[in-house]
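Got the viewer open and the sequence panel showing? Here is a short walk through the model, one selection at a time.

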Amino acid sequence: MEEESKETKLYLDEVTGEQVSKTELKKRQKKRENDAKLAEKKRIQAEKDAANPKKEKVGQVEEELDPTKYTDNRKNWIQS
């Protein structure tokens, strides 16, 4: 029997400088692309948050968050 040796063709991953298979190279490229898109979305969201800071509720006191005073808090909220 003859032994067939399948040589895997390797491609250069330009970012890391490694020689990898074609499928591994595609996986890495796709992951980098997705990471770049995610970073861009986070950057845009951070800009939006900086431009429009969330308004805090005026007059909200810690004791109003007490769960034992739910009914009183609800009545006060409805009356406001």
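Select Arg 32 to begin: is Arg 32 buried, partly exposed or exposed? Arg 32 counts as partly exposed, at 29% relative accessibility. Keep in mind as you click around that this is a predicted model.

**Getting your bearings**

Zoom out and colour by secondary structure. You should find 2 helices and 2 strands, and from the N terminus on they come in the order β-β-α-α. The protein has 80 residues, and buried ones make up 4% of them. Switch on a surface and you are looking at about 8,400 Å² of accessible area, with 51% of that belonging to carbon and sulfur atoms.

Now recolour by confidence. The average pLDDT of the protein is 82, and 79% of the residues score at least 70. Of the elements, strand 2 has the highest mean pLDDT, 95, while helix 2 (residues 70–79) has the lowest, 84.

**First stop: Arg 32 and Asp 13**

Go back to Arg 32 and add Asp 13 to the selection. Their side chains meet in a salt bridge, 2.8 Å from N to O. Arg 32 sits in helix 1 (residues 22–51) and Asp 13 in strand 1 (residues 11–13), so this pair ties together parts that are 19 residues apart in sequence. In general, side chains of opposite charge can pair when their charged atoms come close.

The two partners differ in exposure: Arg 32 is partly exposed, whereas Asp 13 is buried, with a relative accessible area of 2%. Why does Asp 13 count as buried? The cut-off for buried is under 20% relative accessible area, and Asp 13 has 2%, so it counts as buried.

Show everything around Asp 13. Setting aside residues up to four places away in sequence, Asp 13 touches Glu 18, Val 20, Leu 25, Arg 28 and Arg 32.

**Second stop: the charged network**

Which residues are linked with Asp 13 in a network of salt bridges? Select Glu 18, Glu 24, Arg 28 and Arg 32 along with Asp 13, and you have the network on screen.

Within that set, pick out Arg 28 and Glu 24. They form a salt bridge whose closest N and O atoms are 3.0 Å apart. Both residues lie in helix 1, 4 residues apart, or about one turn of the helix. Arg 28 is partly exposed at 21% relative accessible area, and Glu 24 is partly exposed as well, at 29%.

Try a distance from Asp 13 to Glu 24 next: C-alpha to C-alpha they are 9.2 Å apart in space, with their positions 11 residues apart in sequence.

**Third stop: further along helix 1**

Where does Lys 37 find its salt-bridge partner? Select Glu 33: the closest N and O atoms of this pair are 3.7 Å apart. Here too both residues belong to helix 1, 4 residues apart, about one turn of the helix. Glu 33 is partly exposed, with 47% relative accessible area. How many salt bridges turn up in the whole structure? A search finds 8.

**Fourth stop: Tyr 11 and the loop**

Move to Tyr 11, which is in strand 1. Tyr 11 is partly exposed, with a relative accessible area of 28%. Leaving out neighbours within four places in sequence, the contacts of Tyr 11 are Glu 18, Gln 19, Val 20, Ser 21, Lys 22 and Leu 25. Draw a line from Tyr 11 to Glu 24 and the C-alpha atoms come out 9.2 Å apart, for a sequence separation of 13 residues.

Finish in the loop between strand 1 and strand 2 (18–20), where you will find Val 15. Is Val 15 buried or exposed? Val 15 counts as exposed, at 62% relative accessibility. As a last distance, take Val 15 to Arg 28: their C-alpha atoms are separated by 9.7 Å, and the residues are 13 apart along the chain.

Key
Residues are numbered from 1 along each chain as its sequence is written. Side-chain values use heavy atoms; hydrogens and water are left out. A salt bridge is a side-chain nitrogen of Lys or Arg within 4 Å of a carboxyl oxygen of Asp or Glu. Buried means under 20% relative accessible area, exposed over 50%, partly exposed in between (1.4 Å probe, protein chains only). Accessible areas come from the Shrake-Rupley method with a 1.4 Å probe; for residues, only the protein chains shown count as cover. Contact means heavy atoms within 4.5 Å. pLDDT is the predictor's confidence in each residue, from 0 to 100.
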